[in-house]
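Work through the exercises below with the model open beside you, and try each task before reading its solution.

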Amino acid sequence: MENKNTEAKKKKDKTKECGYIKQHVISNLENNTDFKIYFSQGELHTKGVVTLVKKDIECTNHYFNSNILKGRLVHTSFKTDDKVINLLNIYSPTKSTGQQGFFYREMIEYCASVNIESHRNIMLGDFNCIDQKIDTKNPNVVLDNTVILLYKELCTMLNTLDSYRYKYPKKISYTFIGNKGAKTRIDKICISEALKHKIRDLKHIPYQYSDHKIIYISLKLKKTKWGNGYWKMNDSLLDKELYTEYINNFWINWKQRKSNHNILDWWEIGKKKIKELTIRFSKQLVARERIELSETYMKLENEENKNSA
């Protein structure tokens, strides 16, 4: 469920500031990926927002006439659990442009005109503002109260909250690192109150091609009923020495039990046990890799905050 000007980043991330992308590039991406692309074109590299939606998800793209919002908003909506969810992907102007107030006022007017207050809403992107000093490295920063009031009015209208501050009220983490050492958390994902208990994962992920981090959130929107399914072994496990030793040790032991079974039964039971051991090993491997990745992110954040002291 992020912003940046390099072509590599445009292809990797799901929501971005993109400038202008030619139609044949969009068509090529759609033809060679599993995503439908909804793009609000920007005339300059400092404008342009794109949202990618899986093709198997029924989704509506909403159009608007506002020049202020052009290149700064993509509004899509879809249904889950018989509820409408609006996804508002935004890119606010910076304070130096003098356009922030106009942008947030236009957002408020737009949201009122399409009557989405009663829906579940997710508003995410580069807000280019902070409303708490904890979200900047600079202890002497002067907050822009005019923009903050407009930002909060917009969040109140949509009944949304800052998901990161909900989950981590006191944690220091920056999403933007400028070339002059500026560090702020201006990239956010604001979600409806009704969705806050559905957060499964939320983190900031460093990205080498941008001065912004990837803002990642995972929401459990509905229960999925799984059938028996069809199991297929992950062949890449055969390249892992730990796995091959694990299975070889089992097989050595299992061969010693051949005399206790009919040969066909022994063979079928052995295959079933290998399947069970493989599934168990895979789950443990994934869990361990997730922990290691999380610890790496934590170390990077600790180093970042240490350098900010």
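**Exercises on a sheet and its hairpin**

**Exercise 1.** Find which residue takes a positive phi in the hairpin of strand 5 and strand 6.

*Solution.* In this predicted model, the hairpin has two residues between its strands, and Asp81 is the residue whose phi is positive, near 55°. Turning next to the strands themselves, one finds that strand 5 and strand 6 run antiparallel and are joined by eight bridges. As an example of this pairing, Val74 has Asn89 in strand 6 as its bridge partner.

**Exercise 2.** Work out why strand 5 is described as largely enclosed by the rest of the structure.

*Solution.* A residue is taken as buried when its relative accessible area is under 20%. Six of the eight residues of strand 5 are buried by this criterion, and the strand is therefore largely enclosed by the rest of the structure.

**Exercise 3.** Place the strands in their sheet, and state which of them are the edge strands.

*Solution.* The sheet is open and consists of six strands, in the order 4-5-6-7-11-8, with mixed pairing. Its edge strands, each of which pairs on one side only, are strand 4 (60-62) and strand 8 (160-162), while the twist from one strand to the next averages 20°. At the strand 4 edge, the pairing with strand 5 (residues 73-80) is antiparallel and extends over three bridges, and here His62 stands opposite His75 of strand 5.

**Exercise 4.** Determine which strands helix 3 touches.

*Solution.* Helix 3 (residues 100-113) packs on the sheet and touches strand 4, strand 5, strand 6 (83-91) and strand 7 (120-126). Comparing directions as a last step, one finds about 160° between helix 3 and strand 6.

Methods:
Residues are numbered from 1 along each chain as its sequence is written. This is a predicted model: local features need pLDDT of at least 70, side-chain atom pairs count only at pLDDT 80 or more; totals for chains, interfaces and linings use all residues. Side-chain values use heavy atoms; hydrogens and water are left out. Two strands pair if DSSP finds at least two bridges between them. Helices (H or I, at least four residues) and strands (E, at least two) are DSSP runs, numbered from the N terminus. Axes are lines fitted to C-alpha atoms, for helices over the stretch in contact, and angles run from 0 to 180 degrees between N-to-C directions. Contact means heavy atoms within 4.5 Å. Buried means under 20% relative accessible area, exposed over 50%, partly exposed in between (1.4 Å probe, protein chains only).
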